[in-house]
Amino acid sequence: MEERYSRNRIYVSKNEQQLIKNTTILLGGAGIGSIIAECALRFGFENIRIVDGDKVEISNLNRQNYTEADLGQYKAECLSKRLLSINPQAKISFHNFFINENNVENLVENHNIAINALDFNSDIPFVFDNLCKKYNIPVLHPYNFGWAGFLTVINPQGPSLEQLTTNPEGFELQMA
């Protein structure tokens, strides 16, 4: 096992660590997703694609993985730089645009895991999930409530997010 991940031996075998290293993650949304991306990278996930058109605002600094030096810059690009500063050998790519109905399918294809940290201000998070189901990709949904949070995992063979509700307004509270 690489020295970088040698402390993971308590939790994962050498073969499992290699599987983790080769797993591809699509991060849709780099707000709360910024925390998850860093934790994933530090655990050994080295193939991460980040998509977000948002720029860092001062109101993000209390709960997202950015600093004052990042203000006004694209979240996806800042996060990519941060992750590469932690592990320069990782394969981190980023796109400074929002996921929408015109690009979502091309973005979702060919990933092993998706993280749906998109804002629920349209139906795009549901479209994202449905395409992940189509391509047999499990989806992690992180939710942030100030200092609290929780995670929902949508298995491609299980119920879809839309079975809970199709209304994006207030979705996070409905999930809680």
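Seven salt bridges turn up in this structure, which is a predicted model. Side chains of opposite charge can pair when their charged atoms come close. Let's look at some of these pairs, and then at the nonpolar cores.

**A bridge back to the start of the chain**

- Lysine 21 and glutamate 2 join their side chains in a salt bridge, with 2.5 Å from N to O.
- This pair ties together distant parts of the chain: lysine 21 sits in helix H1 (residues 14–22), while glutamate 2 belongs to the segment before H1, and the two are 19 residues apart.
- Lysine 21 counts as partly exposed because its relative accessibility is 23%, and partly exposed covers the range between 20% and 50%.
- Glutamate 2 is partly exposed too, at a relative accessible area of 35%.

**Glutamate 38 and its two arginines**

- Glutamate 38 meets arginine 42 in a salt bridge, at 2.9 Å from N to O.
- Both of these residues are in helix H2 (residues 33–43), and because they are four residues apart, about one helical turn separates them.
- So is glutamate 38 buried or exposed? With 9% relative accessibility, it counts as buried, since buried means under 20%.
- Glutamate 38 also pairs with arginine 82, in a salt bridge of 2.5 Å from N to O.
- That second pair reaches across distant parts of the chain, from glutamate 38 in helix H2 to arginine 82 in helix H3 (residues 75–86), 44 residues apart.
- Arginine 82 has a relative accessible area of 30%, so it is partly exposed.

**A small network**

- Glu2, Lys21 and Glu46 are joined into one network by salt bridges that share partners.

**The nonpolar cores**

- In soluble globular proteins, nonpolar side chains tend to be buried together.
- The largest nonpolar core here has 23 residues, and the members touching the most others are Ile25, Leu41, Ile48, Ile50, Leu79, Leu83 and Ile92.
- Which elements give two or more residues to this core? They are strand E1 (24–28), H2, strand E2 (47–51), H3 and strand E4 (113–116).
- H3 is the top contributor to this core, giving five residues.
- Take isoleucine 92 as an example: leaving out its neighbours within four places in sequence, it is in contact with Leu41, Glu46, Ile48, Ile50, Ser80, Leu83 and Leu84.
- Another core of 21 residues lies apart from the largest one, and its members include Leu26, Val51, Val104 and Ile137.

Definitions and conventions: Residues numbered from 1 in each chain as written. Predicted model: local features only at pLDDT ≥ 70, side-chain atom pairs only at ≥ 80, totals over all residues. Heavy atoms only, no water. Salt bridge = Lys/Arg side-chain N within 4 Å of Asp/Glu carboxyl O. Buried < 20%, exposed > 50% of the residue type's maximum accessible area, 1.4 Å probe, protein only. Core = buried A, V, L, I, M, F, W, Y, C linked by side-chain atoms within 4.5 Å. Contact = heavy atoms within 4.5 Å.
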